[in-house]
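Biologist: Please take me through this model step by step. I will keep asking how each label is earned.

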Amino acid sequence: MKFALSEEQQSLAEALDEIIESAGGTKVARTWAEGNTEPGLALWSQLAELGLFGLCLAEDDGGMGGTAVDLTVAFERLGYHAVPGPYIESAALLPELVDSSVRSGILDGSLVATAAVPGLVPYALDAAAGSRCFVVGPDSLSDASAGPGTASVDRTRKLSELTAVGSETALETAAVDLAVDRATLACSAMLLGAGERLLEEAVSYAKIREQFGRAIGEYQALKHQLADVRIALTFARPLIYDAALDLGGPDGARSVSAAKVASGDAANLAARVALQVHGAIGYTEEHDLGLWITRVRALLGAWGTPRHHRSRIASLLLPATR
């Protein structure tokens, strides 16, 4: 099967690149990590105007009426630029679970929503920057209050435990499962975007870093490592698109888990090779490489660990045994 993006999807990716770069690019992530969320929230408003938070929502509900493929295109660009904030929660998880008043706030960017999903996502992301927190159960949704923030391996991510407050809103289990799979798919696309940026940074630096009088990119062994990263990312991409097409169908859960495993493995390989290419400078706080390396480490365990998703694939493929 051949996957090719439409002109509209390519234009969406280009528009996101332009907006994020004009907002400061990686400077947004750096200021967010330092506790200054103003540039990040300004970017949040701009992306809301573009329609990011209603991308997969039906037009009757105020959304763009797009597809899950559109969502993966958008989140790959967010990962490529290391954009901080609870985008997965606000754009992929919550829009179809919350009531209309909350949904309208999410769509226009005036409300920054985050959530925890007990058993899968135990901590809410960036609760201090958000205006609403939710606990998503297997068949319910509750407002929540956030505890003190906890540092993540990724300095741009602050995690908080949530405590449900008030009464629960009953939800259909199928709707929750679909929303969680959509969020997991968005996480996979973010990993792919981060991996692509790490490979790009590694290739660029390999052309200028010299050892023994030659650019290290001329050494065959390093070329092979970079090629391995290229192959891993290229193989992960169609799995993500396939999962987007399968989302909500009988093979949706299995495809989403396969995409999460493949994108995580590929991005992790990209991080290791990029760090090796950069050497000591890649470890410094001043270099942007760390933004993607730590983001990959954080997202590997977010929305289900590799072990969780491999077990899920196995349980869906293998017949039940007694």
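Modeller: Start with leucine 93 in this predicted model. Leaving aside neighbours within four places in sequence, leucine 93 is in contact with Ile88, Ala115, Val117, Val136, Ala179, Val180, Ala183 and Trp303.

Biologist: What makes leucine 93 and Trp303 count as being in contact?

Modeller: Contact means heavy atoms within 4.5 Å. Trp303 is listed among the contacts of leucine 93, so the pair has heavy atoms within that cut-off.

Biologist: Which residues have the most contacts inside the largest nonpolar core?

Modeller: They are Phe75, Tyr87, Leu93, Leu94 and Trp303, and this core has 93 residues. Its largest share, 17 residues, comes from helix α7 (residues 173-206). A second, separate core of seven residues includes Ala116, Ala124, Val135 and Leu162.

Biologist: Why is the link between arginine 77 and aspartate 17 called a salt bridge?

Modeller: The cut-off is 4 Å between a side-chain nitrogen of Lys or Arg and a carboxyl oxygen of Asp or Glu. Here the closest N and O atoms are 3.0 Å apart. That is within 4 Å, so the name fits. The structure holds 13 salt bridges.

Biologist: What does the pair of arginine 77 and aspartate 17 tie together?

Modeller: Arginine 77 lies in helix α4 (residues 68-80) and aspartate 17 in helix α1 (residues 7-22), so the pair ties together parts 60 residues apart in sequence.

Biologist: How do you know that arginine 77 is buried?

Modeller: Buried means under 20% relative accessible area. Arginine 77 has 14%, so it counts as buried.

Biologist: And what makes glutamate 76 buried?

Modeller: The relative accessible area of glutamate 76 is 8%. That is under 20%, so the label holds. The side chains of glutamate 76 and arginine 77 also meet in a salt bridge, at 4.0 Å from N to O.

Biologist: What makes arginine 237 and glutamate 76 a salt bridge?

Modeller: Their closest N and O atoms are 2.8 Å apart. That is within 4 Å, so the pair qualifies. Arginine 237 lies in helix α8 (residues 220-246) and glutamate 76 in helix α4, so this pair ties together parts 161 residues apart in sequence. Salt bridges that share partners join Asp17, Glu76, Arg77, Glu196, Arg230 and Arg237 into one network.

Biologist: Now the cavities. How many are there of 30 Å³ or more?

Modeller: There are two. The largest holds about 120 Å³ of space. It is lined by 16 residues, with Gly85, Leu125, Arg157, Met190 and Leu299 nearest its centre. Helix α5 gives the most to this lining, with three residues.

Biologist: Why are two residues lining the second largest cavity classed as charged?

Modeller: Asp, Glu, Lys and Arg count as charged. The lining is Phe53, Cys56, Leu57, Ala91, Ala92, Pro95, Glu96 and Arg182. Glu96 and Arg182 therefore fall in the charged class. The other six are nonpolar. This cavity has a volume of about 40 Å³.

Biologist: Last topic, the backbone. What is notable about phi in alanine 82?

Modeller: Phi is positive, about 55°, although alanine 82 is not a glycine. Alanine 82 lies in the loop between α4 and α5. Its relative accessible area is 1%, under the 20% cut-off, so it is buried.

Biologist: How do you know that aspartate 126 is buried?

Modeller: Aspartate 126 has 4% relative accessibility, so it counts as buried. Its phi is also positive, near 50°. Aspartate 126 sits in the loop between β2 (124-125) and β3 (132-136).

Notes. Residues numbered from 1 in each chain as written. Predicted model: local features only at pLDDT ≥ 70, side-chain atom pairs only at ≥ 80, totals over all residues. Heavy atoms only, no water. Helix = DSSP H or I, 4+ residues; strand = E, 2+ residues; numbered from the N terminus. Buried < 20%, exposed > 50% of the residue type's maximum accessible area, 1.4 Å probe, protein only. 1 Å grid on protein atoms, 1.4 Å probe; cavity = no way out; pocket = protein on both sides within 12 Å on 5 of 7 lines; lining within 4 Å. Points joined across faces, edges and corners; volume = space filled by probe spheres on them. Core = buried A, V, L, I, M, F, W, Y, C linked by side-chain atoms within 4.5 Å.
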